[in-house]
Amino acid sequence: GHCRLLCKPSALAQHLVRSLGRSPALRGGRWPWPRWPQLQMLWQLLQPPEPEPVMARELLQLPDTGLVALDWLVGPWGAAGGGGGVSSPVLLLIPNAAGKVTGGLLQLGLRALERGFIPVIFNRRGHNGCPLTTPRFQPFGDPGDLREAVTYLRCRHPSASLLAVSEGSGSGLLLAYLGESGSSSRLAAAACLSPIFRGRDWFEAGMPWFYEWPLLLHLKQGLSRYAGALAEVVDVERLLGSRSLRELEETLFCRARSRPTSWESYWERNEPLRDADEAAVPVLCLCSADDPVRGPPAQSLPRELFRSSPYFFLLLTPLGGHCGFPRRGPGRCWAHEAVLEYFRAMGEFLRTEERRKGLPRPR
């Protein structure tokens, strides 16, 4: 499929090249409009998952009495091999920064369920029907709530490998978590689909209107539910009147009544790659050169990071749009198959290294 893997040479990189090269996923499929990335993206976003997933919600209380929601994909039970066992790998799915759980993300969860994973969706405070019990939302790159969720999943499934995959702008949260946590992340591997690497540049550049306005409307609908509680801490009228994602982000997090801060200071604390050098978990970033949301590859892809860090791998494809990567037939998105193949290859490599070095498995 004309994909390229950009990374620092290593034994793990060689193993990934062999594994992904043998995978039929990267051959993709013929798409009748290969030069229309906007259409590819809309097609993926609007297509409902097949079959319809069944989820069980669990609310996790945080130290400041805030809540995040974990949605466990538990069906349909007709899926081959669905359910997983006690030691089956747990796959944490992270939606985009607006909290929109797309059909593509649900489809990835269903594919993982069929292959014996235990998929669970992480919903931020106030997102996707999760109650907002404190007048506080999660900033773009603040991994504090995600860290609590990962700790809980590790305690609930102590013998299982814990994996994570993010979609679009939600990758800012996952990348920030991996950098801040370093070798204490508790994750075995991670993957990002069409990630946003430079948060500030992305907000300031803006996006195509047909992507930005639906996300902006989605965020405003969620915020309007808590207008009364938020009125104590932010200017709700200005918040709901925002005409761009940047204006909404700046109003919500930089113009708080109690602790206002500058746009520059906000991004010093929330850039996704601010601590990337500390990451100690293999991360596969699957990107398309024609992504209309991330921006031009020359400015939006941190190629030097992939050349210098042994933990970051960039799988770059010329066509695919934003979180699109379409193909015909079952699955519809070849990137989902590539990510699951990557996790399988990572598990195989780690088991081989443990046997070679005689290392005991982590308790």
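This text walks through three helix contacts and one pocket in a predicted model.

Helix 14, residues 334-357, is a good place to begin, since two of the contacts involve it. Its axis and that of helix 1, residues 11-22, come within 10 Å and cross at roughly 135°. Angles over 145 degrees would count as roughly antiparallel, so at this angle helix 1 is oblique to helix 14. The crossing of these two helices is right-handed. Helix 1 brings Ala 11, Leu 12, His 15, Leu 16, Ser 19 and Leu 20 to the contact, and helix 14 brings Ala 338, Glu 341, Tyr 342, Arg 344, Ala 345, Met 346, Glu 348 and Phe 349. Sorted by class, the residues where helix 1 meets helix 14 are nine nonpolar, two polar and three charged.

Helix 3, residues 103-114, also meets helix 14: the two axes come within 10 Å and cross at roughly 45°. That angle makes helix 3 oblique to helix 14. Here, too, the crossing of helix 3 with helix 14 is right-handed. On the side of helix 3 the contact consists of Gly 104, Gln 107, Leu 108, Arg 111 and Ala 112, and on the side of helix 14 of His 336, Glu 337 and Leu 340. The contact of helix 3 with helix 14 has three nonpolar, three polar and two charged residues.

The next pair leaves helix 14 aside. Helix 7, residues 209-224, packs against helix 10 at an angle of about 30°, with the axes 10 Å apart. Angles under 35 degrees count as roughly parallel, and helix 7 and helix 10 are therefore roughly parallel to each other. Glu 212, Leu 215, Leu 216, Leu 219, Lys 220 and Leu 223 of helix 7 touch Leu 245, Leu 248 and Leu 252 of helix 10. By class, the contact of helix 7 with helix 10 has seven nonpolar and two charged residues, with no polar ones.

Helix 10, residues 245-253, leads on to the second largest pocket, because helix 10 and helix 11, residues 263-270, are the elements that give two or more residues to its lining. The largest share of that lining, three residues, comes from helix 11. The second largest pocket holds about 620 Å³ of space. Its lining has 20 residues, and those nearest the centre of the pocket are Arg 136, Pro 139, Phe 253, Ala 256 and Arg 259. In the lining of the second largest pocket, eleven residues are nonpolar, three are polar and six are charged.

Methods. Residues numbered from 1 in each chain as written. Predicted model: local features only at pLDDT ≥ 70, side-chain atom pairs only at ≥ 80, totals over all residues. Heavy atoms only, no water. Axes fitted to C-alpha atoms, helices over the stretch in contact; angles between N-to-C directions. Helix = DSSP H or I, 4+ residues; strand = E, 2+ residues; numbered from the N terminus. Parallel < 35°, antiparallel > 145°, perpendicular 65-115°, else oblique. Left-handed = near helix turned anticlockwise from the far one by under 90°. Contact = heavy atoms within 4.5 Å. Nonpolar A, V, L, I, M, F, W, Y, C, P; charged D, E, K, R; others polar. 1 Å grid on protein atoms, 1.4 Å probe; cavity = no way out; pocket = protein on both sides within 12 Å on 5 of 7 lines; lining within 4 Å. Points joined across faces, edges and corners; volume = space filled by probe spheres on them.
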